[in-house]
Amino acid sequence: MTNARWHNRAATGRSEGRVTGLTPAAVGEGAVRSAAGTALWKLRDLVVRGELKPGDQIRQDEMAAMVGVSRVPLREALRVLATEGLLTHRLNQGYFVANLSPEEFKQIVTLLEFLEIELLRTARWPTDDEIAQLREINAELSAATSAADPIASNEANRQFHFALFRLSPHKVYAAEAERYWALAEPFRLLHVATTDTESIRSQHEQLIDALAARDRALCLRVLNEHRRDTLTAALTAASSREEPSTKPRAAS
């Protein structure tokens, strides 16, 4: 609901801008920024979902056509994703999907550990409706597992944790946690695709029960166990996978 309201406000603001005398240049700049936002969202989604894999080259003409924008807003989106660490830029070669090493993944998990502990430590207790929503998301994880859909399982897992982050008043920490989560997404997707996600769902349910009981110590203990198991499973899966190709490949 929060995201929907934000998008409605953004759309309203753009609509109001057109009727309050903005210059053509300002309107044009706003359109580019809007298109860049669209490109940013779509590109990030392609990386998170694994449709663009580590080492893949972003061919700008093809990608602009795929996401439905011109090259100007696409380049702006690429620069943002490179700043976030999801992409890397090579001089005279272009942009590539970042190939995160196991050691870099460990570093990200260490940073996430601090952020997630602080977010859960400062989280307000969820309402009955929010507890029900968390259980609903967890049910979606179970359904995706039954359907053998690792992409949907990964998305449900992500939504569950983001819902927890947003219970805290520390919005900067929450935004950083979401950014680091995105950086680690290739490893998380590999983890979800190669792990019995019933264990993930079970740990989520324990965390929901702890939140419903308003037991802070139990919440933190379950979260720490969950993070430890995720790290171990992701690194085990990564060690057994084939190294991704570094040969430039067009997105398809």
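**Why these labels? Burial, packing and backbone**

Reader: Why is Glu118 called buried?

Author: Glu118 has a relative accessible area of 15%, and buried means under 20%, so Glu118 gets the label. This is a predicted model, by the way. Glu118 sits in helix H5, residues 102–121.

Reader: What makes the pairing of Glu118 with Arg121 a polar contact?

Author: The two side chains come to 2.7 Å, and the cut-off for a pair of N or O atoms is 3.5 Å. That puts Glu118 and Arg121 within the limit, so the pair counts as a polar contact.

Reader: And Gln60, why is that one buried?

Author: Gln60 also has a relative accessible area of 15%, with the limit for buried at under 20%, so Gln60 is buried. Gln60 lies in helix H3, and its side chain has a polar contact of 3.2 Å with the side chain of Arg71. Leaving out residues up to four places away in sequence, Gln60 touches Arg71, Leu74, Arg75, Leu78 and Tyr95.

Reader: How do you know that H3 and H4 are roughly perpendicular?

Author: The axes of H3 (residues 60–67) and H4 (residues 71–84) cross at roughly 100°. Roughly perpendicular covers 65 to 115 degrees, so the crossing of H3 and H4 qualifies. Their axes come within 10 Å. On the H3 side the contact uses Gln60, Asp61, Met63, Ala64 and Val67, and on the H4 side Arg71, Leu74, Arg75 and Leu78. By type, that contact has five nonpolar residues, one polar and three charged.

Reader: What makes H6 and H10 roughly antiparallel, then?

Author: Helix H6 (residues 128–146) and helix H10 (residues 197–212) pack at about 175°. Anything over 145 counts as roughly antiparallel, so H6 and H10 get that name. The axes are 10 Å apart. H6 brings residues including Ile131, Leu134 and Asn138, and these H6 and H10 residues meet across the contact, with Ile200, His204 and Ile208 among those from H10. The contact residues come out as seven nonpolar, five polar and five charged.

Reader: How do you know that the reach of H8 is close to the expected one?

Author: H8, residues 171–183, has 13 residues and spans 19 Å from its first C-alpha to its last. At 1.5 Å a residue you'd expect 18 Å, so the two are close. The buried residues of H8 are Ala174, Ala177, Tyr180, Trp181, Ala182 and Leu183.

Reader: Why is Asn92 called exposed?

Author: Its relative accessible area is 77%, and exposed means over 50%, so Asn92 clears the bar. Asn92 lies in the loop between strand E2 (87–90) and strand E3 (94–97).

Reader: What makes the phi of Asn92 worth a look?

Author: Asn92 has a positive phi of about 65° although it is not a glycine. Most residues other than glycine have a negative phi. Arg214 has a positive phi too, of about 60°, and is not a glycine either.

Reader: Is Arg214 buried or exposed, and how do you know?

Author: Arg214 comes in at 54% relative accessibility, and the cut-off for exposed is over 50%, so Arg214 counts as exposed. Arg214 lies in the loop between H10 and helix H11 (216–240).

Reader: How many helices and strands are there overall?

Author: The protein has 11 helices and three strands. Of its 252 residues, 39% are buried.

Methods: Residues numbered from 1 in each chain as written. Predicted model: local features only at pLDDT ≥ 70, side-chain atom pairs only at ≥ 80, totals over all residues. Heavy atoms only, no water. Axes fitted to C-alpha atoms, helices over the stretch in contact; angles between N-to-C directions. Helix = DSSP H or I, 4+ residues; strand = E, 2+ residues; numbered from the N terminus. Parallel < 35°, antiparallel > 145°, perpendicular 65-115°, else oblique. Contact = heavy atoms within 4.5 Å. Nonpolar A, V, L, I, M, F, W, Y, C, P; charged D, E, K, R; others polar. Buried < 20%, exposed > 50% of the residue type's maximum accessible area, 1.4 Å probe, protein only. Polar contact = N/O pair within 3.5 Å; in protein donor to acceptor, adjacent residues only side chain to side chain.
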